[in-house]
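Q: I'd like a close look at one part of this model, please. Pick a spot where two stretches of chain meet, and walk me outwards from there into whatever surrounds it.

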Amino acid sequence: MEEELNIIISNLANTINESDLVDMFQSYGNVDSTTIVKDKYNINTMRFGFVEMSDESEAINAISKLNGMNFKGRKIN
């Protein structure tokens, strides 16, 4: 059984949602899940989230292609 790889994405725009993360990463492989971390006292995102992918080579390719990309006005890492 393969272990899922949890990719952290930082510097997200406040307007991003989980389907945006799926759309961004699925062109590089199968996305198992996404999570955007939000402040527990309000609905604002904490500007980071996670994408889980089960294929290591797809995850590494996604990271190398998307790192530094401008998405919704912010350069993601």
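A: Let's start with a pair of residues facing each other across two strands: V31 has M53 of β3 as its bridge partner. Keep in mind that this is a predicted model. A second pair to find by eye is T34, which stands opposite V51 in β3. Zooming out a little, β2 and β3 pair over 6 bridges, in the antiparallel sense. The two strands make a hairpin, and 6 residues sit between them.

Now for the sheet around that hairpin. The sheet is open and has 3 strands, ordered β1-β3-β2, with antiparallel pairing. β1 and β2 are the edge strands, each pairing on one side only. From one strand to the next, the twist averages 20°. Packed on this sheet is α1, which touches β1, β2 and β3 and makes an angle of about 140° with the direction of β2. The other helix, α2, lies across β1 and β3 and runs at about 10° to β1.

Rotate to α1 next. Its buried residues are D20, L21, M24 and F25. Looking down the helix axis, you'd see the buried residues within an arc of 120°, so they line one face of α1. The cover over them includes β1, β2, β3, α2 and β4 (70-71).

F25 brings us straight back to where we began. Leaving aside residues up to four places away in sequence, F25 touches I7, I9, V31, V51, M53, A62 and L66. That list includes V31 and M53, the bridge partners from the start. F25 also stands out in the largest nonpolar core, which has 16 residues: together with M24, F25 touches the most other members. Two or more residues of this core come from each of β1 (5-10), α1 (18-26), β2 (31-38), β3 (45-53) and α2 (56-66).

A62 and L66, also on the list of F25 contacts, lead us over to α2. In this helix, A59, A62 and L66 are buried. They span an arc of only 65° around the axis, so they end up on the same side of α2. What they pack against is β1, α1 and β3. Flip to the face turned away from that buried side and you'll find the exposed residues E56, S57, S64 and K65. After α2 comes G68, with a positive phi near 90°.

Between β3 and α2 there's a loop, and S54 is in it. S54 is partly exposed, its relative accessible area being 24%. For a sense of scale, S54 and Y41 are 13 residues apart along the chain, and their C-alpha atoms are separated by 32 Å.

One last stop is the aromatics. Searching the whole structure turns up 1 aromatic pair. It consists of F48 and F50, with ring centres 5.9 Å apart and planes at 85°, so the pair is edge-to-face. F48 is partly exposed at a relative accessible area of 26%, and F50 also counts as partly exposed, at 26%.

Terms used:
Residues numbered from 1 in each chain as written. Predicted model: local features only at pLDDT ≥ 70, side-chain atom pairs only at ≥ 80, totals over all residues. Heavy atoms only, no water. Core = buried A, V, L, I, M, F, W, Y, C linked by side-chain atoms within 4.5 Å. Buried < 20%, exposed > 50% of the residue type's maximum accessible area, 1.4 Å probe, protein only. Helix = DSSP H or I, 4+ residues; strand = E, 2+ residues; numbered from the N terminus. Contact = heavy atoms within 4.5 Å. Arc of directions from axis to C-beta. Phe/Tyr/Trp six-rings, centres within 6.5 Å; stacked < 30°, edge-to-face > 60°. Pairing = 2+ DSSP bridges. Axes fitted to C-alpha atoms, helices over the stretch in contact; angles between N-to-C directions.
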